[in-house]
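Please open the structure in a viewer and keep the sequence panel visible. The tour below proceeds by selection, stating at each stop what is to be found there.

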Amino acid sequence: MDFIDVPVVIVGGGVCGLNLSIILSDLKIDHVLFERHSGTSILPKAHVINQRSLEIFRQHGYVDEILEKSAPPDFMCQVAWQTSLGGDGPLDRKVLGTLDAFGTDLKTERGAAYAKDSPHISTNLPLLRSEPIFREVAERRNPAKVLFGHTVVDFADEGQHVIVHVKRADGEKFTYRASYLVGADGGKTVGTKIGVEMLGPKNLAHVVSTHFKADLSDLWDDRTTIAHFANPEGGALLASGSMLPLGPSWGRHSEEWQLHFGFSVNDPGRFHGEDILIPRIRELLKLPKLDLTVLGVSHWLLEDVVASKYQEGRVFIAGDSAHRHPPTAGLGLNTAIQDVHNLAWKLALVLNGKADAALLDTYDTERRLIGKRNADWALFTFKNIAVINAAIGLLPGQTQANTQRFTEMFDPSSEIGRASHAMVQHAIDGQTIELGAHNIELGFSYPSGALLTDGTNPPPEDPLQQRYIPTTRPGHRLPHAWLFRDGKSLSTLDLVGATGDFLLITDESGEAWVSAVKRVVESSRRGLRIVQISQHGASSPRDGKYLDKESQWAHVRDIRDGGAILVRPDNMIAWRSLCPPLDDGNELSSALDKILG
């Protein structure tokens with residue numbers, strides 16, 4: 001049999017597979033991607049792109065292409081709960097409450113914290129607009145090897161390699177021989193083939209999403225990124241409907257929209273078509289004459305499941321193949337991107353002979369824990385919607401009682417009504433666990449894996465995950481701080497680069513570490529660079545050093561003068577020395593040997 005040899009095969013050309021392809025290209029790893037569909041996603045889901053994902057795009061040079069198409073922060077800085085979008089009745093177009101969203105309102109305390117902790121603010125770009133960008137970048141960096149219209153019909157891990165059978169759309173068949181295979185196919189084939197079980201609660205709700213075009217420019221609040229509707233006729237929030245703009249323009253001038261209706265998984269009405277959905281949308285929004293064009297209707301089951309394993313031999317899974325969870329908190333796409341960011345550099349070092357294959361085992365160790373954490377948090381925040389429902393107090397099918405409650409709630413002369421309205425806002429404020437979970441997004445950490453712990457305690461954790469505390473403790477993300485060099489500012493996150501090298505960060509007292517890095521590079525040919533950051537009020541960096549002019553790095557570095565921090569290619573801390581070297585810097589070589597084998 002004739003084989004086409006390639007180090008890595010990626011199965012699936014969605015957001016997960018395409019981002020893996022982009023990163024592998026940066027790491028100079030030959031690979032081929034197969035996607036059975038002829039084009040990218042037509043679904044307007046997975047729209048929240050958080051700070052950590054933008055940092056990864058920044059590291060690999062395509063963040064500007066995403067931000068150019070995304071919603072500006074001012075157009076996604078709140079989530080609103082309201083009775084309707086239109087209508088002229090006494091209870092129409094009333095706002096039940098609002099909440100700051102994703103740290104994008106920089107005038108608020110939360111927004112200031114988000115801006116301090118990352119070079120980018122979260123943004124909004126649905127999958128149908130982001131995936132074409134990812135595809136274009138992936139194809140540009142890996143010409144003729146990002147192959148849509150190609151189906152992986154079977155594969156076999158034969159110990160020394162993986163045999164992959166592929167069929168092109170025209171029926172022609174090919175056989176590839178890969179060192180490793182990564183399943184990013186949403187769990188369609190790869191996970192099942194290697195015996196993955198998806199563990200956790202399933203079939204929690206059936207959601208119908210309608211993607212439509214309409215002109216709502218006279219009615220939508222520019223600041224709102226999601227509107228949840230609740231009115232006396234509709235019942236509970238999810239059943240009433242939630243709506244968001246999809247661009248390509250943003251705010252009130254968005255041309256396209258999506259509206260979600262939730263159903264019980266046993267409700268026979270969950271498979272309604274356009275003939276039912278269009279009148280229901282007009283009724284919910286109180287816009288009986290709304291001119292809308294349905295572009296698509298999708299159905300999906302809400303679940304909180306994580307794979308029983310992320311690896312079997314030479315086969316890995318990532319993204320939706322490894323974890324699927326409710327859309328609340330916007331963690332699905334972002335967790336997938338972090339998965340492949342973690343896996344790519346490990347594949348590169350092993351394939352280049354610079355690390356033992358055991359390094360790949362740390363992918364499951366590190367990422368499965370985070371997959372479960374994020375999935376469980378998404379379900380937790382979804383369940384909290386019931387608290388808001390209870391505060392609003394709508395009773396399904398009891399329109400008269402609901403109308404009386406809302407009438408009182410919006411009566412400014414009613415003391416009880418004012419209290420009821422305040423209690424609704426109080427309940428909505430609790431949904432900050434979804435819309436302000438800063439520590440979930442940036443404060444995740446790996447207790448073990450490709451790192452060496454140093455016996456220090458992690459930062460105190462806010463149980464509501466609102467507060468992120470930067471730390472250089474091994475297993476955590478390298479904190480962001482602005483530095484200066486040659487008249488330009490850059491983030492500490494920019495120091496690692498996209499070449500797959502490790503980085504040692506020290507200060508002007510760390511000359512012994514400079515010598516240690518030279519010895520490591522000369523003796524092992526490992527990719528390792530060193531950066532010295534000048535502090536103590538220096539007016540300009542000396543000898544090519546970077547300047548911590550505003551003392552941001554001094555506040556987050558967690559080490560003494562002459563100490564050092566070893567950063568992995570994925571901007572996670574692998575090891576650190578809190579003080580100057582005690583063994584002429586040989587600690588560094590020993591640490592790398594233990595981490596990489």
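**First stop: a loop residue**

Select Ala-498, which is located in the loop between strand 22 (488–491) and strand 23 (502–507). The model in view is a predicted one. With neighbours within four places in sequence left aside, the contacts of Ala-498 are Asp-26, Leu-27, Gln-59 and His-60. Next, add Phe-484 to the selection: 14 residues separate Ala-498 and Phe-484 in sequence, and the C-alpha to C-alpha separation in space is 20 Å.

**Second stop: helix 3**

Proceed to Leu-67, whose place is in helix 3. Leu-67 counts as partly exposed because its relative accessible area is 31%, a value between the limits of 20% and 50%. Apart from residues up to four places away in sequence, Leu-67 touches Leu-54, His-120 and Thr-123. For a separation in space, select Leu-85 as well: Leu-67 and Leu-85 are 18 residues apart in sequence, and their C-alpha atoms are 28 Å apart.

**Third stop: aromatic pairs**

The model contains 13 aromatic pairs. Display the side chains of Tyr-62 and Phe-134: their ring centres are 6.3 Å apart and their planes stand at 90°, so this pair is edge-to-face. Distant parts of the chain are linked here, as Tyr-62 belongs to the loop between helix 2 (51–59) and helix 3 (63–69), while Phe-134 belongs to helix 5 (residues 127–141), 72 residues apart. Tyr-62 and Phe-134 are both buried.

Now select Tyr-310 and Tyr-363. The centres of these rings are 5.8 Å apart and the planes are at 50°, so the pair is tilted. Since Tyr-310 is in the loop between strand 17 (305–307) and strand 18 (311–312) and Tyr-363 is in helix 10, the pair ties together parts that are 53 residues apart in sequence. Are these two residues buried or exposed? Tyr-310 is buried, having a relative accessible area of 0%, and Tyr-363 is buried with a relative accessible area of 0%.

Extend the selection to Tyr-180 and Phe-316: ring pairs link Tyr-180, Tyr-310, Phe-316 and Tyr-363 into a cluster.

**Fourth stop: charges over rings**

Keep Tyr-180 in view and add Arg-314, whose charged end sits over the ring of Tyr-180 at 5.0 Å from its centre. Then select Arg-485 and Tyr-546, where the charged end of Arg-485 sits over the ring of Tyr-546, 4.5 Å from its centre.

**Fifth stop: helix 12**

Select Asn-402, a residue of helix 12 (residues 399–409). Asn-402 is buried, because its relative accessible area is 2%, and buried means under 20%. Which residues surround Asn-402 in contact, leaving aside its neighbours within four places in sequence? Asn-402 is in contact with Pro-232, Gly-393, Leu-394 and Leu-395.

**Final stop: the second largest pocket**

To find the second largest pocket, select Asn-439, Gly-443, Ser-445, Glu-461 and His-476, which lie nearest its centre among the 21 residues of its lining. The volume of this pocket is about 300 Å³. Colour helix 10 (361–383) and helix 15 (438–442), each of which supplies at least two residues of the lining. Helix 10 gives the most, with 3 residues. Helix 10 is also where Tyr-363 of the tilted pair lies. Colouring the lining of the second largest pocket by class shows 11 nonpolar, 5 polar and 5 charged residues.

How values were computed: Residues numbered from 1 in each chain as written. Predicted model: local features only at pLDDT ≥ 70, side-chain atom pairs only at ≥ 80, totals over all residues. Heavy atoms only, no water. 1 Å grid on protein atoms, 1.4 Å probe; cavity = no way out; pocket = protein on both sides within 12 Å on 5 of 7 lines; lining within 4 Å. Points joined across faces, edges and corners; volume = space filled by probe spheres on them. Helix = DSSP H or I, 4+ residues; strand = E, 2+ residues; numbered from the N terminus. Nonpolar A, V, L, I, M, F, W, Y, C, P; charged D, E, K, R; others polar. Phe/Tyr/Trp six-rings, centres within 6.5 Å; stacked < 30°, edge-to-face > 60°. Buried < 20%, exposed > 50% of the residue type's maximum accessible area, 1.4 Å probe, protein only. Lys NZ or Arg CZ within 6 Å of the ring centre and 35° of its normal. Contact = heavy atoms within 4.5 Å.
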